[in-house]
Amino acid sequence: MAQPLHPTHPVSDNSPTAGRTPVVLLLAGAGVGGLVVLGALALWFHYGSQVFFEMIRTGLAACF
């Protein structure tokens, strides 16, 4: 007789790190996003808004 492809009872993960992966990924993404924002603000304050927007405009023009 053929066996079912999926078990009748779901397999549970009882390891100590079960369920922490999404939280760790979310925190890592938030940390990287925060560093990007801080870097942009640092460039803005260092070079001024005119040069900052000129760099963005030149970069976008190079992409398109």
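Here are three short exercises with worked solutions on this predicted model.

**Exercise 1. Describe how helices α1 and α2 pack, and name the residues that meet**.

Solution. Start with the general idea: two packed helices are described by the angle between their axes and the distance between the axes. Next, take the two helices: α1 spans residues 21–47 and α2 spans residues 49–63. Their axes make an angle of about 125° and lie 6 Å apart. Angles over 145 degrees would count as roughly antiparallel and those from 65 to 115 as roughly perpendicular, so about 125° falls in neither class. That makes α1 oblique to α2. Now look at the contact itself: A40, L43, W44 and Y47 on the α1 side meet S49, V51, F52 and F53 on the α2 side. Sorted by class, this contact has seven nonpolar residues, one polar residue and no charged ones.

**Exercise 2. Find the members of the nonpolar surface patch and say which helix gives the most to the patch**.

Solution. First, list the members: L35, V37, L38, L41, W44, F45, F53, I56, L60 and F64. Together they have about 1100 Å² of accessible area. Then assign them to helices: α1 and α2 each supply at least two residues, and F53, for one, lies in α2. The most comes from α1, with six residues.

**Exercise 3. Locate the salt bridge in the structure**.

Solution. Recall that side chains of opposite charge can pair when their charged atoms come close. Searching the whole structure gives one salt bridge. The partners are the side chains of E54 and R57, at 2.7 Å from N to O. Finally, place them: both residues are in helix α2, three residues apart, which is about one turn of the helix.

Methods. Residues are numbered from 1 along each chain as its sequence is written. This is a predicted model: local features need pLDDT of at least 70, side-chain atom pairs count only at pLDDT 80 or more; totals for chains, interfaces and linings use all residues. Side-chain values use heavy atoms; hydrogens and water are left out. Axes are lines fitted to C-alpha atoms, for helices over the stretch in contact, and angles run from 0 to 180 degrees between N-to-C directions. Helices (H or I, at least four residues) and strands (E, at least two) are DSSP runs, numbered from the N terminus. Angles under 35 degrees count as roughly parallel, over 145 as roughly antiparallel, 65 to 115 as roughly perpendicular and the rest as oblique. Contact means heavy atoms within 4.5 Å. Ala, Val, Leu, Ile, Met, Phe, Trp, Tyr, Cys and Pro count as nonpolar, Asp, Glu, Lys and Arg as charged, and the others, Gly among them, as polar. Patches are made of residues with over 30% relative accessible area and no salt bridge: like charges are joined within 9 Å, nonpolar side chains (Val, Leu, Ile, Met, Phe, Trp, Tyr) within 5 Å. Accessible areas come from the Shrake-Rupley method with a 1.4 Å probe; for residues, only the protein chains shown count as cover. A salt bridge is a side-chain nitrogen of Lys or Arg within 4 Å of a carboxyl oxygen of Asp or Glu.
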